[in-house]
Amino acid sequence: MVGSGLGLLALVTSCSNSAASPAAPSPSAPESPHAWSYDGAEGPERWGTLSSDFGSCSSGTAQSPIDFRGGSGLSPAPLALAYYASECEITDNGHTTELRALTAQGITVGGKQYAFTQMHFHAPSEHTVNGVRHEAEFHFVHQADDGGLAVVGILATAGAANAAWAPFTDGVPAAAGGQKVAAGVVDFPALFPASLDHFAYDGSLTTPPCSEGVRWLLFETPVELGAGQLATLRAAHSGNSRPVQPLNGRDVVVVDQ
Ligand SMILES: [Zn+2]
């Protein structure tokens with residue numbers, strides 16, 4: 001895909017490959033010329049030392065994820081979804097599995113439009129609520145025309161098998177080898193919880209280079225996935241979750257809509 005007409009999409013292939021790293025990686029590199037991991041010498045506590053590009057991971061003061069403990073009463077910026085059913089593709093970047101839509105999707109937050117670039121997962125969740133981690137967390141990454149990023153997060157708990165999520169979870173194993181896998185039609189609106197009530201705050205990418213200025217919206221209501229679906233996700237990537245970061249006085253808004 002690198003060098004193709006999908007260059008804009010290639011800039012934001014995941015939380016870890018942002019517009020802050022415009023140099024295109026070689027096709028064989030997962031997503032960054034600098035190796036990083038979720039444990040050991042290249043783990044989260046060391047990310048800021050692994051590359052001069054990753055400085056925000058250690059020196060940033062508005063990092064993600066965070067632990068949610070209620071919110072302040074600032075005026076909300078309503079979230080509107082512009083999501084539709086679409087053919088999709090699944091790829092694995094070595095750190096997570098990504099879903100891309102072949103037709104345009106997006107959101108509007110406080111009147112600003114963001115285009116969907118890709119969705120991926122972390123298991124267990126990265127954000128916590130009152131200190132509690134969920135089984136998994138999905139990140140829908142969006143980019144505005146001015147380059148601004150907005151990530152919509154959905155927490156997942158164990159429950160009944162979720163047919164809406166099956167096109168993704170069924171395709172995850174086949175993508176593990178690095179090849180692009182057709183997911184068929186994904187009914188995007190059915191992926192989201194019934195309530196759009198959410199937490200909102202300003203944070204960062206949760207993977208190197210940990211760039212700040214990311215608008216975060218995390219749904220308060222989790223989605224249920226079957227035990228088999230969660231096991232499938234963990235079999236592909238488990239422990240790919242950055243520890244929670246200091247809030248440092250940032251405002252967290254609870255948006256009821
Ligand atoms: Zn993520």
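Helices (H or I, at least four residues) and strands (E, at least two) are DSSP runs, numbered from the N terminus. What you have open is a predicted model, in which local features need pLDDT of at least 70 and side-chain atom pairs count only at pLDDT 80 or more, while totals for chains, interfaces and linings use all residues. Residues are numbered from 1 along each chain as its sequence is written, and side-chain values use heavy atoms, with hydrogens and water left out.

**First stop: a loop residue**

Select T221, which sits in the loop between β12 and β13. With a relative accessible area of 32%, T221 is partly exposed, a term for values between buried (under 20% relative accessible area) and exposed (over 50%), found with a 1.4 Å probe on protein chains only. Now add P193, which is 28 residues from T221 in sequence, although the two C-alpha atoms are 6.2 Å apart in space. Leaving aside neighbours within four places in sequence, T221 is in contact (heavy atoms within 4.5 Å) with P193 and S195.

**Second stop: the zinc ion**

Which residues coordinate the zinc ion? Select H120 and H122, each of which offers its NE2 atom, and H139, which offers ND1, at 2.0 to 2.1 Å. Donors are N, O and S atoms within 2.8 Å of the metal (3.2 Å for Na, K and Ca), and sites may look incomplete because water is not among the atoms. Along the chain, the spacing of these donor residues is H-x1-H-x16-H. H120 belongs to strand β6 (residues 112–122) and H139 to strand β8 (residues 136–143), so this pair ties together parts that are 19 residues apart in sequence. Both H120 and H139 are buried.

Stay with H122, which also has its place in strand β6 and counts as buried at 1% relative accessibility. The side chain of H122 makes a polar contact with that of H120, at 3.2 Å; such a contact is a pair of N or O atoms within 3.5 Å, where within protein one must be able to donate a hydrogen and the other to accept it, and residues adjacent in sequence count only if both atoms are side-chain atoms. A polar atom of the H122 side chain also lies 2.7 Å from the backbone oxygen of N240.

**Third stop: along β8**

Select H142, another residue found in strand β8, which is buried with a relative accessible area of 0%. Is there a polar partner to display, and where is the backbone oxygen of F140? That oxygen lies 3.0 Å from a polar atom of the H142 side chain.

**Fourth stop: helix α5**

Select residues 227–236, helix α5, in which Q229, L230 and L233 are buried. These residues cover an arc of only 100° around the axis, which puts them on the same side of α5, where the arc is that of the directions from the helix axis to the C-beta atoms. The buried residues of α5 pack against several elements, including β6, β8 and β13 (223–226). On the face turned away from this buried side, you will find the exposed residues A227 and A235.

**Last stop: strand β11**

Finish with residues 198–204, strand β11, where six of the seven residues are buried. Two strands pair if DSSP finds at least two bridges between them. Seven bridges join β11 to the antiparallel strand β12 (residues 212–219), where L218 is the bridge partner of F199. Three bridges join β11 to strand β14 (residues 253–255), also antiparallel, and there V255 is the bridge partner of H198.
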